[in-house]
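This report covers salt bridges, one helix pair and one tryptophan site, followed by totals for the chain.

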Amino acid sequence: MPAFGNDVWWIVVVKTLLIFLVLVLLTLFNIWWERRVVARMQHRIGPNVHGPFGLLQSLADGVKLALKEDLTPKNADKLVFIIAPVIAVVPAFVTFSVIPFGPVVNLFGEQTPLQLTDMPVAVLFVMAIASIGIYGIVLGGWSSGSTYSLLGGLRSSAQMISYEVAMGLALVSVFMYAGSMSTSEIVAAQDDYWFGLILLPSFLIYTIAMVGETNRAPFDLPEAEGELVGGFHTEYSSLKFALFFLAEYINMATVSALATTLFLGGWHAPFWIDEFWAGANEGYWPVLWFFGKVLFFIFIFIWLRGSLPRLRYDQFMAFGWKRLIPISLVWILAVATMRVARDDLQFDRQTAMIAAGVLLGVFLLLFLIPESKKDDATTTVTAPRKGGFPVPPMPTGGAVRGAAQPLVFASNDPIKSQSKTEANDG
């Protein structure tokens with residue numbers, strides 16, 4: 001923490017420009033990478049025309065979006081309609097201001113940490129700024145004057161709020177182990193062991209929650225084209241749509257960078273390379289380790305999109321509230337108990353592990369108990385509403401499964417007979 005706040009003004013400007021440039025280039029690369037990986041998974045080629053290996057395809061798509069006609073619906077609230085994409089994309093850039101990319105280095109003759117700034121509550125700052133991006137999506141759906149866009153915005157707000165709760169709870173155990181909410185100090189606390197190994201349940205919960213937080217498949221329900229056409233951005237085009245698209249991919253990079261910082265040691269070298277190479281965590285080498293871990297998480301995003309089908313909305317919300325949040329709460333209690341037992345009660349490691357195993361076993365038994373479901377055999381027949389549209393009765397025994405019955409036409413069909421008569425007369 002003492003290393004921050006001492007930079008000259010032009011170093012701050014250089015760091016800001018570098019973060020902006022890195023995020024834009026990373027977005028262009030991620031779009032190309034996603035299209036290539038999904039194409040390979042589906043036995044296709046993917047973009048391969050613009051530039052070497054199709055690397056300029058994302059840039060060509062951006063130029064195409066910029067040159068498209070910018071439409072504004074007649075019933076839209078024009079001011080909010082224009083501001084909403086900006087509200088969505090600006091927080092995505094701001095959150096990277098507290099992400100550490102590396103240690104203290106020599107940048108243009110000045111000794112400075114590879115991080116724009118830091119604060120005692122940096123992780124809470126990231127969560128708060130990321131929450132502001134929800135307003136951009138909700139306002140974009142509301143201001144469009146479209147029912148589908150409004151439903152997509154409401155879905156997105158409910159989804160992001162629900163999974164932010166699980167994400168925040170997953171980080172509590174990290175704060176307890178690191179003893180700080182500063183991103184640089186959390187990275188320093190993982191010099192020996194990564195929190196992704198020590199706090200594996202928190203790591204898994206955060207990984208699931210970050211996919212739901214970014215509205216990515218299989219949790220891309222605000223953009224479900226099957227029922228919402230395009231979700232909250234249905235009425236957007238040209239650069240305003242490009243801003244929503246940019247915000248989504250930068251948010252992917254943000255949650256991946258946060259996962260790297262909190263659970264995978266940040267910029268520290270992987271696989272304990274520093275044990276036999278002293279310079280692995282010095283100079284600019286840690287930047288390579290950091291972005292390698294970030295790209296690993298982004299590959300997880302792409303892999304899920306190409307592998308899993310979209311969930312039903314009620315299943316998705318029930319999973320967040322009935323599974324992730326209770327698991328997070330129980331895990332926080334277990335971690336707190338272990339910390340107290342180790343520090344105050346002087347338990348040995350074997351006793352602590354037995355206690356943790358018993359707690360985990362009891363919780364798994366409770367978790368595996370199925371929910372009570374309504375009896376499918378009992379059906380309720382509802383009388384048709386007076387004056388309503390007549391509804392045909394259900395077939396005997398319930399809905400028919402499988403193929404429909406083939407249509408059979410009578411041989412004495414008057415239309416067919418008339419056609420035969422006309423043909424004979426001809």
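The structure holds 8 salt bridges, a salt bridge being a side-chain nitrogen of Lys or Arg within 4 Å of a carboxyl oxygen of Asp or Glu. The model is predicted: local features need pLDDT of at least 70 and side-chain atom pairs count only at pLDDT 80 or more, while totals for chains, interfaces and linings use all residues. Residues are numbered from 1 along each chain as its sequence is written, and side-chain values use heavy atoms, with hydrogens and water left out.

Three of these pairs are listed below with the separation of their N and O atoms.

| Salt bridge | N to O distance |
|---|---|
| aspartate 7 and lysine 15 | 3.0 Å |
| glutamate 34 and arginine 216 | 2.6 Å |
| arginine 310 and aspartate 220 | 3.1 Å |

Accessibility is given here in three classes: buried means under 20% relative accessible area, exposed over 50%, and partly exposed in between (1.4 Å probe, protein chains only). In the pair formed by aspartate 7 and lysine 15, aspartate 7 is partly exposed at 22% relative accessibility, whereas lysine 15 is buried at 6%.

Glutamate 34 pairs with arginine 216. This salt bridge links distant parts of the chain, 182 residues apart: glutamate 34 belongs to helix H1 (residues 9-41), and arginine 216 to the loop between helix H8 (200-213) and helix H9 (225-228). Helices (H or I, at least four residues) and strands (E, at least two) are DSSP runs, numbered from the N terminus. Glutamate 34 is buried, with a relative accessible area of 4%, and arginine 216 is buried as well, at 1%.

The salt bridge between arginine 310 and aspartate 220 ties together parts that are 90 residues apart in sequence, because arginine 310 lies in the loop between helix H11 (285-307) and helix H12 (313-343) and aspartate 220 in the loop between H8 and H9. Arginine 310 is partly exposed, at 32% relative accessible area; aspartate 220 is buried, at 13%. Glu34, Arg216, Glu248 and Arg305 are joined into one network by salt bridges that share partners.

The helix pair comes next. Helix H4 (residues 122-143) packs with helix H10 (residues 238-263) at an angle of about 160°, the axes being 12 Å apart. H4 is therefore roughly antiparallel to H10, a term for angles over 145 degrees. Axes are lines fitted to C-alpha atoms, for helices over the stretch in contact, and angles run from 0 to 180 degrees between N-to-C directions. On the H4 side, Val123, Val126, Gly136, Ile137 and Gly140 meet Phe244, Leu258 and Leu262 of H10, where contact means heavy atoms within 4.5 Å. By class, this contact between H4 and H10 has 6 nonpolar, 2 polar and no charged residues. Ala, Val, Leu, Ile, Met, Phe, Trp, Tyr, Cys and Pro count as nonpolar, Asp, Glu, Lys and Arg as charged, and the others, Gly among them, as polar.

Tryptophan 285 is placed in helix H11 and is partly exposed, at 43% relative accessibility. Not counting residues up to four places away in sequence, tryptophan 285 touches Trp277, Gly279 and Ala280. Its C-alpha atom is 8.7 Å from that of tryptophan 267, and the two residues are 18 apart along the chain.

Overall, the protein chain has 14 helices and 2 strands. Of its 426 residues, 41% count as buried. Among contacts between residues at least 6 apart in sequence, 77% join residues at least 24 apart.

Conventions
Angles under 35 degrees count as roughly parallel, over 145 as roughly antiparallel, 65 to 115 as roughly perpendicular and the rest as oblique.
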